[in-house]
Amino acid sequence: MTVQIRKATPQDAFALAPILLLAMEDIVYYLIGQQDKARAIDFLTYCIAQKDNQYSYQHIWVAEANETILGQASLYNGADLANLRQPVLDYITKEYQHTPIVFDETSAGEVYLDTIAVAPQAQGMGIGQLLLRHIIDFFVHNQKATIGLLVDQENPKAKSLYLRTGFSKVSEKSIFGKRLDHLQIKPTAKDS
């Protein structure tokens, strides 16, 4: 099976929403103020299909084989978080009559890996690692940018993958009641 990695399009929103939900189910339920999987998928589908927001297709890379999306990685400039988040919050207020309290998970100085997730049928096939290596090549090696992410301290398998790929721990955070490690990978002298 040949896996290709490409930028997402608005037409990918319907296929991408359930995959993104795998990476952020509790957060989406909190944001929309209800534990309704169908509504959560509708929320993500809407956001992914729109421009200029935190979950927009503009920030998503997809891994695809035989015209089937197997996984995704969503990244954006940490300095843009407030501007990208506002349309999402406005939509939540309008559509779900909810005003969630949010936290800054990133800041200027890093490209933030918001989510990376693999479709259930493709898990264990190395898709997550393939996506991770692609975004590291694109952002760190080619654009000389630092990538940052948060990983749940109760998910040692994911943390191990990130550490093996070259990330290192820079701090700890507590967001949405979870203890998270803030990891980064930075360009090295050989990237110059």
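## What "buried" means here

A residue counts as buried when its relative accessible area is under 20%. Keep that cut-off in mind as we look at the aromatic rings of this predicted model.

F43 is a good place to begin. With a relative accessible area of 0%, F43 falls under the cut-off of 20% and is therefore buried. Y96 is buried as well. Y91, at 13% relative accessibility, also counts as buried.

## Aromatic pairs around F43

The model holds nine aromatic pairs. In one of them, the ring centres of F43 and Y91 are 6.3 Å apart and the planes meet at 20 degrees, so this pair is stacked. F43 belongs to helix α2 (residues 37-49) and Y91 to helix α3 (residues 81-96), so their pairing ties together parts of the chain that are 48 residues apart in sequence.

F43 also pairs with Y96, this time edge-to-face. Here the distance from centre to centre is 6.1 Å, with 80 degrees between the planes. This pair, too, links distant parts of the chain: F43 sits in helix α2 and Y96 in helix α3, 53 residues apart.

## One aromatic cluster

Which residues join F43 in one aromatic cluster? They are Y46, Y55, Y91 and Y96. So if you are following the structure on screen, F43 is a handy landmark: from F43 you can go to Y91 through the stacked pair and to Y96 through the edge-to-face pair.

## A charge over a ring

Another ring to look for is that of W61. The charged end of K7 sits over this ring, 5.0 Å from the ring's centre.

How values were computed:
Residues are numbered from 1 along each chain as its sequence is written. This is a predicted model: local features need pLDDT of at least 70, side-chain atom pairs count only at pLDDT 80 or more; totals for chains, interfaces and linings use all residues. Side-chain values use heavy atoms; hydrogens and water are left out. Rings of Phe, Tyr and Trp (its six-membered ring) pair if their centres lie within 6.5 Å; planes under 30 degrees apart count as stacked, over 60 as edge-to-face and the rest as tilted. Helices (H or I, at least four residues) and strands (E, at least two) are DSSP runs, numbered from the N terminus. Buried means under 20% relative accessible area, exposed over 50%, partly exposed in between (1.4 Å probe, protein chains only). A charge sits over a ring if NZ of Lys or CZ of Arg is within 6 Å of the ring centre and within 35 degrees of the ring normal.
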